[in-house]
Amino acid sequence: MSSKLRNFFLLFGIAALIVMAFSFEDGYEQIRRNIVSAGLYLPAVIGVWVFVYALNALAFQIIVNHGTHDKHLSYRHSYKLTVSGFAFSYTTPFGFGGGPYRVMELAHYIGTPRAMSSVVLYSMMHILSHFCLWTTAIFVFIAFYFEKMQPWLWTLFSVYMVVLLVALVVFRYGYKNGLIVKLYRICLLHIPFVKKHAKKFYDKKIEAMEKVDHDTAYLLGEHPRAFWSSLACEYLARVVNSFEFLFILHAFGLPIGFAEALLILAFSSLMGNLLFFLPMQLGAREGGIAIIVKILGITTGGVGIYTSFYTRIRELFWVLVGVGLVKVGNKRIMR
């Protein structure tokens with residue numbers, strides 16, 4: 001990636017940090033007021049993500065290094081790209097920023113099509129790991145909270161299982177055949193006012209898009225063990241993420257167990273992903289937390305707002321780290 005583009009990402013990240021700081025209800029005053037009372041739990045919440053990102057980085061490294069090229073991405077650089085990539089995903093609508101950043105950093109070494117295929121594969125793996133988390137949460141809820149099952153919950157879980165089956169079929173097709181060309185044809189070649197320009201781009205870039213699809217299918221076809229290892233790392237990252245809510249609610253004086261923490265994470269994650277178009281998922285996760293704690297019988301008020309403080313501070317910290325890493329360690333990312 002050129003120095004000018006890195007400077008652009010750096011400036012954008014700084015601007016996003018300022019916006020995030022003022023997204024608190026009372027701005028800096030709320031941060032100052034609560035930072036002392038947070039105690040040792042706040043470093044624990046932030047520290048959980050050292051391990052979450054470590055697993056994310058390992059999953060990304062496995063995918064990149066099993067592509068159709070002879071380059072090797074070191075774990076150290078994979079961690080850097082992971083933290084910075086998620087920083088830009090946090091701060092952009094639809095989580096759009098992280099993918100292009102990673103592509104541009106890798107493209108210099110392995111070419112744009114291979115870089116795109118690696119990032120697309122990782123994005124699909126990341127989404128699939130969320131489905132694994134949500135499915136686990138359903139079985140945990142039924143196992144530990146069966147007495148709370150109501151007709152609407154049985155209906156909701158049944159609908160989810162149907163959606164899961166459809167998603168698995170789509171993911172299987174995508175991993176075996178690629179999705180870029182198919183999605184481009186479906187989504188852009190039939191939209192009025194867009195299809196004319198989209199057709200010109202399609203005719204010009206069809207070979208590159210087919211290359212991305214070929215590289216996407218390569219991992220599952222030629223390296224199934226790498227595929228499952230990467231998915232296992234991503235799923236384990238989601239499970240480790242549960243400790244964030246375990247620490248937050250313990251700080252709130254609610255001695256919940258790991259099962260409850262996993263359920264809260266899964267539901268807040270589901271709500272955040274349903275409203276993925278919101279930058280930083282503003283309000284979505286807090287609403288999800290408020291709903292699930294009520295279902296679990298945790299009646300203490302303000303849980304959603306309280307957890308929001310911890311998660312926003314955690315995001316501020318890691319976005320700051322990710323933005324700072326944009327200008328650090330960029331020599332020979334791949335060997």
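A helix here is a DSSP run of H or I with at least four residues, and helices are numbered from the N terminus. The model you're looking at is predicted.

**Exercise 1: the end of helix 7**

Find out what follows helix 7 and what sign its phi has.

*Solution.* Start with the helix itself, which covers residues 151–177. Next along the chain comes G178, and its phi is positive, near 85°.

Now check the length of helix 7 against its residue count. It has 27 residues, and at 1.5 Å a residue the expected span is 39 Å, taking one less than the number of residues. The C-alpha atoms at its ends are 39 Å apart, so the two values agree.

To finish, list what helix 7 keeps buried, with under 20% relative accessible area as the cut-off. That gives L153, F157, Y160, L164, A167, F171, G174 and Y175.

**Exercise 2: the whole chain**

Work out how many helices and strands the protein chain has, and how much of the chain is buried.

*Solution.* Count the elements: 13 helices and zero strands. Read from the N terminus, then, every element is an α. Of the 335 residues, 50% count as buried. For contacts between residues at least 6 apart in sequence, 74% join residues at least 24 apart.

**Exercise 3: helix 3**

Decide whether helix 3 is largely enclosed or not, and test its span.

*Solution.* Take burial first: 18 of its 25 residues are buried, so helix 3 is largely enclosed by the rest of the structure. Then the span: residues 41–65 should cover 36 Å at 1.5 Å a residue, and the end C-alpha atoms sit 37 Å apart, which agrees.

**Exercise 4: helix 4 against helix 5**

Describe how helix 4 and helix 5 pack, then zoom in on T82.

*Solution.* Two packed helices are described by the angle and the distance between their axes. For helix 4 (residues 75–90) and helix 5 (residues 98–110), the axes come within 7 Å and cross at roughly 145°.

Next, who meets whom? Helix 4 brings K80, L81, T82, S84, G85, F86, F88 and S89, while helix 5 brings G98, Y101, R102, E105 and L106. Sorted by class, this contact has five nonpolar, five polar and three charged residues.

T82 belongs to helix 4. Its relative accessible area is 0%, so T82 is buried. Leaving out residues up to four places away in sequence, T82 touches Y53, N56, A57, F60 and R102.

**Exercise 5: a pocket and a cavity**

Compare the class make-up of the second largest pocket with that of the largest cavity.

*Solution.* Begin with the second largest pocket, whose volume is about 330 Å³. It is lined by 15 residues, and those closest to its centre are I138, L156, F157, F267 and L270. Helix 7 gives the largest share of the lining, five residues, and helix 6, helix 7, helix 11 and helix 12 each supply at least two. By class, the lining comes out as 15 nonpolar, no polar and no charged.

Now the cavity. A search of the whole structure turns up one of 30 Å³ or more, and the largest cavity has a volume of about 60 Å³. Its lining is I63, H66, G67, T68, S117, S118, L121, D215, Y218 and L219. Helix 6 and helix 9 are the elements that give two or more residues to it. By class, the cavity lining has four nonpolar, five polar and one charged residues.

Methods:
Residues are numbered from 1 along each chain as its sequence is written. This is a predicted model: local features need pLDDT of at least 70, side-chain atom pairs count only at pLDDT 80 or more; totals for chains, interfaces and linings use all residues. Side-chain values use heavy atoms; hydrogens and water are left out. On a 1 Å grid over the protein atoms alone, a cavity is a set of points where a 1.4 Å probe fits but cannot get out, and a pocket is an open set with protein on both sides within 12 Å along at least five of seven lines; lining residues have an atom within 4 Å of a point. Grid points are joined across faces, edges and corners, and a volume is the space filled by probe spheres set on the points. Ala, Val, Leu, Ile, Met, Phe, Trp, Tyr, Cys and Pro count as nonpolar, Asp, Glu, Lys and Arg as charged, and the others, Gly among them, as polar. Axes are lines fitted to C-alpha atoms, for helices over the stretch in contact, and angles run from 0 to 180 degrees between N-to-C directions. Contact means heavy atoms within 4.5 Å. Buried means under 20% relative accessible area, exposed over 50%, partly exposed in between (1.4 Å probe, protein chains only).
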